[in-house]
2 protein chains.
Amino acid sequence: MRVYMDNAATTRVDEEVLEVMLPFLGERYGNPSSMHAMGIDAKTVVGDAREKVAKLLGADEKEIIFTGSGTESDNLAIFGYCRKNKSKGNHIITTKVEHHAVLDSFERLKKEGFEVTLLDVDRDGLIDLEELKRAITDNTIFASIIYANNEIGTVQPIAEAAKICKEKGVVLHTDACQATNYLEMDVTKIGADLITINGSKIYGPKGIGVLYKKRDIMIEPIIYGGGQEFGIRSGTENVANIVGFAKALDMALNHRDEESIRVGKLRDKLISGLLNLPESRLNGTHEKRLPNNANISFLNLEGESLLLYMNELGIYASTGSACSSDSLEPSHVIIALGLPHELGHSSIRFSLGKDTTESDIDYVLKEVPPIVEKLRKMSPLHKTMEEAIAAGVDKDFKH
Amino acid sequence: MRVYMDNAATTRVDEEVLEVMLPFLGERYGNPSSMHAMGIDAKTVVGDAREKVAKLLGADEKEIIFTGSGTESDNLAIFGYCRKNKSKGNHIITTKVEHHAVLDSFERLKKEGFEVTLLDVDRDGLIDLEELKRAITDNTIFASIIYANNEIGTVQPIAEAAKICKEKGVVLHTDACQATNYLEMDVTKIGADLITINGSKIYGPKGIGVLYKKRDIMIEPIIYGGGQEFGIRSGTENVANIVGFAKALDMALNHRDEESIRVGKLRDKLISGLLNLPESRLNGTHEKRLPNNANISFLNLEGESLLLYMNELGIYASTGSACSSDSLEPSHVIIALGLPHELGHSSIRFSLGKDTTESDIDYVLKEVPPIVEKLRKMSPLHKTMEEAIAAGVDKDFKH
């Protein structure tokens, strides 16, 4: 039995996606910049893919920039806008629950003279729009707010945030990597000026991202050279991955509505089953949440140990985000909820996907509870959830 | 008949390379950062690929950084070193015949307060090591010298340049994208501190590069986030492309010696055949030249027209470098040779590869001369080569 519940870390490449990619890993290998039949073929398919992506997002094709990853798109949006527009002001805003691609880029910008405000989230994992309003000063030029969180799946009020930013003349970027499969992706409805999408989270290949950039927003490159992608992202176009990305996005958006309902039901069954365990807790709001995310803390055990036992049973999930699993730090997202380290260390992210079936859920609900019990018997800690949370708020919740 | 002579722009993905990639575009899709069997599998194969690449280059595996392209590797070397080590000095050196990934990064660094010296090349396309020595001041921290030129295939004395730089405490980067298939790639013999390699030039996939970084050289990232690649290049590892790169490099280096001889002979036949045409000229030295490159100017015609006629006959080549074919500027490399614009505009790059056969050469030598004659009949210009060059040196050669 193999139950892959780590779709927030990466998804498999859909067979239909691979199928459209293969010709470009085979005979149709031209460089889009070459002035001969094979180059023109490559240039045409890249153009077609761009047009397709633009249409799917309700954007113009000149607003679609292909990059090498979601991380690169985040970096390009943040560095690209802030460095280019430094003269307009040096105050920038983000949240405490961003992906490291955003947080670490903001850290870097601090060294370049920017002042950074990190918005808090409440216990549910949501930002406060009034706090956003109050944070904006005459000196604020840019904000980055994650659309749906990669660890706990909470969905921020991005369209409302976009309205506030627009009124105050602040450019808004949103990391929509986790949102793409399940949420509104029409750029005019999202309202952000810059939007990051990642191929490897939507059943496309690794090594491809998109940055949507509203036409009148000026950014500078982070990678210079041959001037590909309207001069904003140099390097020979990854034709196969670009074609694959367009197909993956097409499939994701076309199946979004029914898939959100289907996966949401499975997630709810998983959540209620796991919450039957004592001293367990859903991290982040249930209501404003991605339909594929269940992030649950099992107090009085180590999440990593639980993960390893689950692994032996073929259940694949994550602690925190996969992108920082090398680190021993508890998840910065769980901490931002005002929860104690213990809950961070005992949290597991189950991220469902289009292959997830009801029997997968049944298998998890049958196998995980006995492991949780076993691990708790071995644990020196035996707090109740109330005790843990009470201690956490006082000791660990740093605003 | 299809004769692909644009291998300097991009190469096809070798079937054996694609074969090792496919499992990672299929069932083995884990994220190397995930702590379960599929993540561990992905992490292991990335580690194995890194070890293989390191061994092939005579390097340590901690010295191998996977990036998204050759262009990104160039940028990472240049920005990464210069920004990190700004306090040591603000003078940096490169040549007039670099790829735009290098030239444009240097241009950008000028805006960040660096002073740039551009080394000349002689009529053969080679730098003068004495000029390099003279250019280095107490304030010089970094130099970037292309190993083999992408347009004219000339091979710079990189090991000697490395010795000079080392003596003077200057860190040296070299763009080895075009060199990899044919020249010495042992990093200890090259002697540079930072070396760029590109997957798509060595029969690997597009969207993968390597930066070799000598262990004691400190650089900072251009892309921040999850901390992959020793914290130097964030973003989920492109497992399929990394595995494919390692295979492609293995094949390239293992077949290098016999392939250099085989391709070199074909190139020589091509060059002497085309130089039989009146008012034609080989750009760059014949002696210190990649065995797969023939860059020839056919005076009194437009290179782009010739390219289009050749395209109709299934002969695929380039004017200048593919990466800047959108631009109407004549090649900066041809201009750097001290040749006039006319020779830049009439130059064609034939870049041979492992699929090139003798009958390909025969086909080109049969089909191209009549097109050249035809185009010249239509041209308003009828200079001799001597007249053109004499005019060029005075008017266009800007030192």
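How many Å separate the centres of domain 1 of chain A and domain 2 of chain A, taken over C-alpha atoms? Hold that thought for the opening view, and keep in mind that everything here comes from a predicted model.

**View 1. Chain A splits into two domains.** The domain assignment gives domain 1 two pieces of the chain, 3-9 and 256-392, while domain 2 takes 15-254. Here is the number asked for above: the two centres, taken over C-alpha atoms, lie 28 Å apart. The domains do touch each other: 36 residues of domain 1 are in contact with 34 residues of domain 2.

**View 2. Seven strands of chain A line up in an open sheet.** Reading across the sheet, you meet β2, β8, β7, β6, β5, β3 and β4, and the pairing is mixed. At the edges sit β2 (64-67) and β4 (115-119), each pairing on one side only. Go from strand to neighbouring strand and the turn is 20 degrees on average, ignoring direction. For a quick refresher, strands of a sheet pair through backbone hydrogen bonds, in either a parallel or an antiparallel way.

**View 3. β3 and β4 of chain A pair up in the parallel sense.** Zoom in on β3 (residues 91-95) and you can follow five bridges over to β4(A). One spot to look for is T95(A), whose bridge partner in β4(A) is L119(A).

**View 4. Two helices of chain A lie across strands of the sheet.** Helix α3(A) lies across β2, β3, β5 (140-144), β6 (171-175), β7 (194-198) and β8 (209-213), and runs at about 160 degrees to β7(A). Helix α6 (residues 158-167) of chain A lies across β5 and β6, and its angle to β6(A) is about 160 degrees.

**View 5. Helices α3 and α4 of chain A pack against each other.** When two helices pack, we describe them by the angle between their axes and the distance between those axes. For α3 (residues 70-84) and α4 (residues 100-111) of chain A, the axes come within 9 Å and cross at roughly 30 degrees. Angles under 35 degrees count as roughly parallel, so α3(A) and α4(A) earn that label. Their crossing is right-handed. On the α3(A) side, look for T71(A), D74(A), N75(A), I78(A), F79(A), C82(A) and R83(A); they meet A101(A), V102(A), S105(A), F106(A), R108(A) and L109(A) from α4(A). Sorted by class, this contact has seven nonpolar, three polar and three charged residues.

**View 6. Over in chain B, three strands make an open sheet.** The order is β9-β10-β12, with antiparallel pairing. β9 (280-282) and β12 (347-351) each have a single partner strand, so each has one side without a neighbour in the sheet. Neighbouring strands here are turned by 25 degrees against each other on average, direction ignored. Five bridges join β10 (residues 293-298) to β12(B), and N295(B) stands opposite R349(B) in β12(B). Helix α9 (residues 256-275) of chain B lies across β9, β10 and β12, running at about 5 degrees to β10(B).

**View 7. Helices α10 and α13 of chain B cross at an oblique angle.** The axes of α10 (residues 303-312) and α13 (residues 358-378) of chain B come within 10 Å and cross at roughly 135 degrees, which makes the pair oblique. This crossing is right-handed. S305(B), L306(B), Y309(B) and M310(B) in α10(B) meet V368(B), I371(B), V372(B), K374(B) and L375(B) in α13(B). By class, the contact divides into seven nonpolar residues, one polar and one charged.

Methods. Residues are numbered from 1 along each chain as its sequence is written. Chains are lettered from A and ligands numbered from 1 in the order in which they are written. This is a predicted model: local features need pLDDT of at least 70, side-chain atom pairs count only at pLDDT 80 or more; totals for chains, interfaces and linings use all residues. Side-chain values use heavy atoms; hydrogens and water are left out. Axes are lines fitted to C-alpha atoms, for helices over the stretch in contact, and angles run from 0 to 180 degrees between N-to-C directions. Helices (H or I, at least four residues) and strands (E, at least two) are DSSP runs, numbered from the N terminus. Angles under 35 degrees count as roughly parallel, over 145 as roughly antiparallel, 65 to 115 as roughly perpendicular and the rest as oblique. A crossing is left-handed if the near helix is turned anticlockwise from the far one by less than a right angle, and right-handed if clockwise. Contact means heavy atoms within 4.5 Å. Ala, Val, Leu, Ile, Met, Phe, Trp, Tyr, Cys and Pro count as nonpolar, Asp, Glu, Lys and Arg as charged, and the others, Gly among them, as polar. Two strands pair if DSSP finds at least two bridges between them. Domain bounds come from an automatic or database domain assignment.
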